[in-house]
Amino acid sequence: MITLRKNQIVLLLSVTFALSCQNPKREMISVSPPKAKKVPKELVKHNDVRTDNYYWLNERDDENVLSYLKSEDAYCDSLMSHSKKFQTSLFEEMKGRIKEDDSSVPYKQNGYWYATKYVTGKEYPIFFRRKGDMNAAEEVMFDCNDLAEGHDFFSLGGLSVSPNNSLAVFGVDTVSRRQYVLQIKDLTTGKIYDDKIENTTGGAVWANDNKTIFYTKKDPVTLRSDKIYKHVLGTPAASDELIFREDDETFGTFVYKSKSKKYIIIGSYSTLTSEYQTLNSDDPNGTFKMFSSRERGLEYSIEHYEDYFYVQTNKDKATNFKLMRVKESNTNSDYWEDFIPHRKDVLLEDIEIFKDYYVISERENGLNRIKIVRWDHSDSYYLPFDNETYTAYVSRNPDFDTEVLRYAYNSMTTPSSVIDFNMRTKEKEIKKEQEVLGGNFNKENYTSERVWATARDGVKVPISLVYHKDTKLDGNSPLLQYAYGSYGATIDPYFSSVRLSLLDRGFVYAIAHVRGGQYLGRTWYEDGKLLKKKNTFTDFIDCSKFLIKNKYTSKEHLYASGGSAGGLLMGAIVNMAPDLYHGVIASVPFVDVVTTMLDDSIPLTTGEYDEWGNPNKKEYYDYMKSYSPYDNVVAQDYPNMYISTGLHDSQVQYFEPAKWVAKIRELKTDNNLLLFDINMDAGHGGASGRFEALKEVAKEYAFIMHLEDKIPL
């Protein structure tokens with residue numbers, strides 16, 4: 001362990017925390033926070049010079065860097081110390097709503113029923129199965145509580161069972177860098193084979209011979225998924241055959257098995273382009289066949305059924321995607337034919353294939369729709385949903401020969417349900433409803449609505465809201481506004497038992513469906529990326545102004561939250577409209593956009609060019625620089641801010657928020673809080689335990705509740 005240097009210890013010991021019962025907000029800090037040294041480094045591109053005084057923080061293993069990070073983390077802990085009891089109480093409150101001895105709804109696959117369960121007092125899931133029916137003896141496949149012993153972080157991923165049901169391949173990550181070690185377990189004897197394959201994505205697929213697996217490896221530096229290998233059980237990993245290498249550094253690759261089990265499929269992808277290759281699962285030593293060669297801007301995905309492949313694609317300028325099909329004997333795109341045509345106002349999101357039915361997931365005006373169609377077209381219909389703040393999606397359906405569709409439903413006021421729907425009889429069975437323990441929850445006590453803010457360019461931006469029915473919307477209510485707004489990822493209105501801790505204390509919660517997501521279709525995404533990225537930021541700000549104008553809250557009570565690319569959003573809004581927010585939570589924020597996107601050695605950078613642009617081209621460099629949060633920190637007042645990161649983050653490197661915090665500390669002209677919480681044991685997703693993550697949420701909630709004078713003294 002690297003310890004703090006003497007002068008930093010003195011600084012931390014000198015921190016005094018004066019908290020007044022009359023005015024706790026005004027008397028929190030009485031000393032200066034840690035101060036990072038300035039080591040100017042000139043960064044030159046396109047004849048433009050940027051001076052980065054904190055570039056030295058990039059050196060993860062440098063003692064000075066680790067010491068500085070620990071001093072920031074200790075400073076954060078000291079300033080949050082007044083709320084420790086409240087954090088513990090809040091954690092227990094949130095944990096108390098969650099059923100500890102819980103299990104998932106079993107799903108059927110290849111003659112077995114699979115499920116996971118949690119037991120009281122344990123943090124990690126137990127994977128088990130039963131043969132034939134749910135009355136059969138329980139077979140524990142993996143108890144992650146045992147596997148996690150001795151590790152600060154643990155994640156089991158990519159669990160895949162062989163066709164003969166006797167073997168399982170699985171991946172383990174104990175660092176939180178999303179670099180998994182693959183292993184194989186004999187489910188009959190319990191033996192774990194000596195085969196160990198390092199630096200993988202965690203997943204693998206079985207050929208039908210029950211001894212060959214195909215898996216994806218990562219570049220050890222950039223962490224790009226760039227190679228597909230074949231491994232034969234019992235042979236050394238060093239002799240594994242390289243099947244495919246993705247040489248284009250803007251692409252990644254993956255491998256999976258079709259639901260029909262007939263094909264093993266290798267996919268290559270970038271933000272704008274995709275490509276697939278197929279191999280018959282009965283012939284693991286055969287050669288993969290190109291499905292249709294990549295064409296820049298052509299996106300497609302494939303599903304197999306009988307003699308056809310079904311292709312979800314944007315071919316022929318189908319912005320919102322359409323469904324095509326092609327004979328499996330000749331799959332080049334020249335032979336694709338329309339099956340479900342493109343619709344201007346409906347986004348085609350997915351297709352699920354069964355023996356007698358196919359199920360379409362689509363989105364219209366922001367709302368999920370699920371359509372069920374018989375292959376013979378003798379019947380087709382939509383599942384009915386009756387409000388504007390719900391989420392419905394097709395769940396796990398690995399069984400091909402069934403007339404039962406499993407889907408899930410929840411809303412901002414209604415806990416999640418897992419539902420089995422008979423597509424023939426149209427009868428449904430609720431297999432499980434999320435239990436909200438504690439005795440105080442009644443969904444009738446909460447109100448949700450969808451409203452529309454007008455952005456500065458006249459576009460209407462939807463906002464999903466939820467609040468307690470007793471909350472007065474008179475402009476004095478605290479409001480937490482959340483958004484993500486990148487990669488076309490849609491944040492649907494969803495239920496959260498954790499969020500009740502805010503709602504029951506008078507908070508309004510808002511999800512701003514800003515451009516950059518795909519809530520209103522593919523165009524909504526296209527209008528919030530590349531050279532239109534600023535629409536994401538201005539949409540969020542304009543939603544905030546709408547909420548204030550319509551008395552959902554006020555500047556004195558408005559809080560903003562976002563993580564990762566949503567953390568970039570937080571960084572942009574505090575530069576652009578710092579006076580609009582009383583507090584901001586930025587989790588693992590992507591804030592040093594220009595420098596990161598110019599460094600192709602940083603994990604994931606090259607694959608992001610189609611999302612943010614390539615700053616090696618001056619047009620994109622100039623545009624990025626105009627909004628990059630780190631590059632645009634200036635001498636001004638900033639709102640109260642709580643920023644978090646993980647030392648081992650592989651998605652957004654820890655040094656981005658570290659540099660950002662240091663620069664804000666240097667230039668800000670206010671006395672507001674600036675807290676930097678660093679998890680020295682975790683990565684992008686934070687703590688790995690089921691309940692440990694709630695402690696991080698409790699910190700964030702305690703931060704904004706302190707600012708609202710809602711923490712009991």
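**Figure 1. Lys 663 and Tyr 630, and Arg 374 and Tyr 357, place a side-chain charge over an aromatic ring**. In this predicted model, Lys 663 lies over the face of Tyr 630, at 4.8 Å from the ring centre. A second arrangement of this kind is made by Arg 374, which is found over the face of Tyr 357, at 5.1 Å from the centre of that ring.

**Figure 2. Tyr 310, Phe 339 and Trp 375 are joined through two aromatic pairs**. The structure holds 39 aromatic pairs, and one of them is formed by Tyr 310 and Phe 339, whose rings meet edge-to-face, with 5.2 Å from centre to centre and 80 degrees between the planes. Because Tyr 310 belongs to strand β19 (residues 308-313) and Phe 339 to strand β21 (residues 337-340), this pair ties together parts that are 29 residues apart in sequence. Tyr 310 is buried, its relative accessible area being 3%. The rings of Phe 339 and Trp 375 have their centres 6.3 Å apart and their planes at 45 degrees, so this pair is tilted. The pair of Phe 339 and Trp 375 likewise links distant parts of the chain, since Phe 339 is in strand β21 whereas Trp 375 sits in the loop between β24 (367-374) and β25 (380-382), 36 residues apart. Trp 375 counts as buried, at 15% relative accessibility.

**Figure 3. Nine side chains, from Phe 254 to Trp 336, gather in one aromatic cluster**. The members are Phe 254, Tyr 256, Tyr 263, Tyr 269, Tyr 276, Phe 291, Tyr 300, Phe 309 and Trp 336.

**Figure 4. Helices α7 and α8 pack roughly perpendicular to each other**. Helix α7 (residues 534-549) and helix α8 (residues 565-576) meet at an angle of about 65 degrees, with their axes 9 Å apart, and α7 passes α8 in a right-handed crossing. On the α7 side the contact is made by Thr 536, Phe 537, Thr 538, Phe 540 and Ile 541, while α8 contributes Leu 568, Leu 569, Met 570, Ala 572, Ile 573 and Met 576.

**Figure 5. The buried residues of helix α11 pack against both strands and helices**. In α11 (residues 618-627), Tyr 620, Tyr 621, Tyr 623, Met 624 and Tyr 627 are buried. The elements against which these buried residues pack are β1 (41-45), β2 (48-52), α7, α8, α9 (593-598) and α10 (609-612).

**Figure 6. Helix α3 crosses helix α13 in a right-handed sense**. Helix α3 (residues 84-96) and helix α13 (residues 692-707) pack at an angle of about 125 degrees, with their axes 9 Å apart, which makes α3 oblique to α13. The residues of α3 that make the contact are Phe 86, Gln 87, Leu 90, Phe 91, Met 94 and Lys 95, and those of α13 are Leu 694, Lys 695, Val 697, Ala 698, Lys 699, Tyr 701, Ala 702 and Met 705.

**Figure 7. Helix α2 crosses helix α12 in a left-handed sense**. Helix α2 (residues 63-79) and helix α12 (residues 655-667) pack at an angle of about 65 degrees, with their axes 12 Å apart, and α2 is therefore roughly perpendicular to α12. The contact involves Tyr 68, Leu 69, Glu 72 and Tyr 75 of α2, together with Ala 658, Val 661, Ala 662 and Arg 665 of α12.

**Figure 8. Gly 485 is a buried residue of a loop**. The loop that holds Gly 485 runs between β32 (479-482) and α5 (500-503), and Gly 485 is buried, with a relative accessible area of 5%. Leaving aside its neighbours within four places in sequence, Gly 485 is in contact with Val 514, Arg 515, Gly 516, Gly 517, Gly 528, Lys 533 and Thr 536. From C-alpha to C-alpha, Gly 485 and Asp 143 are 37 Å apart in space, and 342 residues separate them in sequence.

**Figure 9. Leu 465 is a buried residue of strand β31**. Leu 465 lies in β31 (residues 460-468) and, at 0% relative accessibility, counts as buried. Apart from its neighbours within four places in sequence, Leu 465 is in contact with Met 412, Thr 447, Ser 448, Glu 449, Val 451, Leu 479, Val 508, Tyr 509, Ala 510, Leu 547 and Tyr 552. Leu 465 and Ser 417 are 48 residues apart along the chain, and their C-alpha atoms are separated by 21 Å.

Methods:
Residues are numbered from 1 along each chain as its sequence is written. This is a predicted model: local features need pLDDT of at least 70, side-chain atom pairs count only at pLDDT 80 or more; totals for chains, interfaces and linings use all residues. Side-chain values use heavy atoms; hydrogens and water are left out. Rings of Phe, Tyr and Trp (its six-membered ring) pair if their centres lie within 6.5 Å; planes under 30 degrees apart count as stacked, over 60 as edge-to-face and the rest as tilted. Helices (H or I, at least four residues) and strands (E, at least two) are DSSP runs, numbered from the N terminus. Buried means under 20% relative accessible area, exposed over 50%, partly exposed in between (1.4 Å probe, protein chains only). A charge sits over a ring if NZ of Lys or CZ of Arg is within 6 Å of the ring centre and within 35 degrees of the ring normal. Axes are lines fitted to C-alpha atoms, for helices over the stretch in contact, and angles run from 0 to 180 degrees between N-to-C directions. Angles under 35 degrees count as roughly parallel, over 145 as roughly antiparallel, 65 to 115 as roughly perpendicular and the rest as oblique. A crossing is left-handed if the near helix is turned anticlockwise from the far one by less than a right angle, and right-handed if clockwise. Contact means heavy atoms within 4.5 Å.
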